[in-house]
Amino acid sequence: MNDDEALMLAIQGGDSKAYESAVRQHIKALSHYAYRMLGNSKDTEDITQEALLRLWTHANSWRADKASVSTWLHRITHNLCIDYLRKDKSKMTGELNDELESQDRPANVPEQDERLESLKNALELLPERQRSAIILSHYQGFSNKEIAQVMDISVDALESILARARRGLRAQLSDLQAS
Amino acid sequence: MTELERFEQLMAIHGSDIDRWPTDEQLPARQLLSESVAAQSLHNDQQTLDTMLDAIPVPPMAAMQRRIVRNLAAATRSSLLDRVLEWIVPRGGNVSSWAWRPALVACLPLMCGIYMANFYSFGIESTENSWQEELYLISMNDYAEISE
């Protein structure tokens, strides 16, 4: 039995300490993923909390032979983000640079250069699936097989999405360098 | 598809870090990269993109994460009723615990009845008294028949 199985078995049995340990283990990756998908802190908090609550309430639906706990939780977060983006686009709380709470605000935010800002916007404007694929591949460090599991698509479909996303971003970057 | 086209496709799929490419593609890709100026140019562009993606920050979220942990701990803290229900119908566990616990719970009223009956007389004070009362009633009955 691996670590994931032991932890999930404990959570399935109602062990709140095991649950807290799993929350602490995954909260950073999930909140970063949600933030990069949604672009604001308020919605990130709601989605991350809901995803981690499902770790408790839906623990029995996790299958060791299907995916790791991390992949499974990213899939839950991904689905919540996509649902949110599709249903509540009009209610989006803010944009990528929303005002952070004082506790989370860094003391000194360096001026970001124009190219970085433009790339950030280009990433934000990518279609949901392309953005998700890039974030899971580049920032979350998942393999293509794992990303395909998170997004519930075939590896071939994922690779096509990733290629389109990277080519699109590279083209944007070339335009920026040319101008 | 030319070698360069194949190289560009793999880079678009896997990014600039050739170590993350499929193992059997790594050696030919490195070879092409060392020989072809066009491949080097493509690789540089992708490296620039990857470096810039790395530079896009995520704001500090420590306070938010602490708040989530606190909220989740409160949400999963069991009430007494939850704990009783959890004991009766466990979320995990084996089949036997599913079977015998509800049966045991069903027997609880019976056990309570036996326990209470052992402590309370429900108006019957003692066996001796009840016999005396019965004899008294019989004697009253006989007296009634004689008087008739």
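Which are the buried residues of α7(A)? In this predicted model, they are Glu146(A), Ile147(A), Ala148(A), Gln149(A), Val150(A) and Met151(A). Helix α7 of chain A spans residues 144–151 and is mostly covered, with six of its eight residues buried. The cover over these buried residues includes α4, α6 and α8 of chain A. Just after the helix comes Asp152(A), which has a positive phi, near 55°.

Two of the buried residues of α7(A), Ile147(A) and Met151(A), reappear among the contacts of Ala133(A). Leaving aside neighbours within four places in sequence, Ala133(A) is in contact with Ile147(A), Met151(A), Leu158(A), Ile161(A), Leu162(A) and Ala165(A). Ala133(A) and Ile147(A) also stand out in the largest nonpolar core, where they join Ala34(A) and Leu52(A) as the residues with the most contacts inside it. This core has 53 residues, and α2(A) brings the largest share, 10 residues. In soluble globular proteins, nonpolar side chains tend to be buried together.

Leu52(A) leads on to helix α3 of chain A, where it is one of the buried residues. The helix runs over residues 41–57, and its 17 residues reach 24 Å from the first C-alpha to the last, close to the 24 Å expected at 1.5 Å a residue. Its buried residues also include polar and charged ones, among them Ser41(A), Asp43(A), Thr44(A), Glu45(A), Thr48(A) and Gln49(A). Packing against the buried residues of α3(A) are α1 (3–12), α2 (16–38) and α4 (69–87) of chain A, together with α4 (62–76) of chain B.

Turning to the two chains, 42 residues of chain A are in contact with 32 residues of chain B. On the side of chain A that touches chain B, at least two residues each come from α2, α3, α5 (114–125), α6 (128–139) and α8 (155–178) of chain A. The largest share of that side is supplied by α2(A), with 11 residues. By class, the side of chain A that touches chain B holds 15 nonpolar, 14 polar and 13 charged residues.

Within chain A, the domain assignment gives domain 1 (1–108) and domain 2 (110–179). Their contact takes 15 residues from domain 1 and 14 residues from domain 2 of chain A. On the domain 1 side, α2 and α4 of chain A each supply at least two residues, and α4(A) gives the most, with six residues. This side of domain 1 is made up of seven nonpolar, six polar and two charged residues.

Definitions and conventions
Residues are numbered from 1 along each chain as its sequence is written. Chains are lettered from A and ligands numbered from 1 in the order in which they are written. This is a predicted model: local features need pLDDT of at least 70, side-chain atom pairs count only at pLDDT 80 or more; totals for chains, interfaces and linings use all residues. Helices (H or I, at least four residues) and strands (E, at least two) are DSSP runs, numbered from the N terminus. The expected span of a helix is 1.5 Å times one less than its number of residues. A residue is buried if 20 or more other C-beta atoms lie within 10 Å of its own, exposed if 12 or fewer, and partly exposed in between; C-beta atoms are placed from the backbone. Two residues are in contact if their C-beta atoms, placed from the backbone, lie within 7 Å. Domain bounds come from an automatic or database domain assignment. A nonpolar core is a set of buried Ala, Val, Leu, Ile, Met, Phe, Trp, Tyr and Cys residues joined through C-beta atoms within 7 Å.
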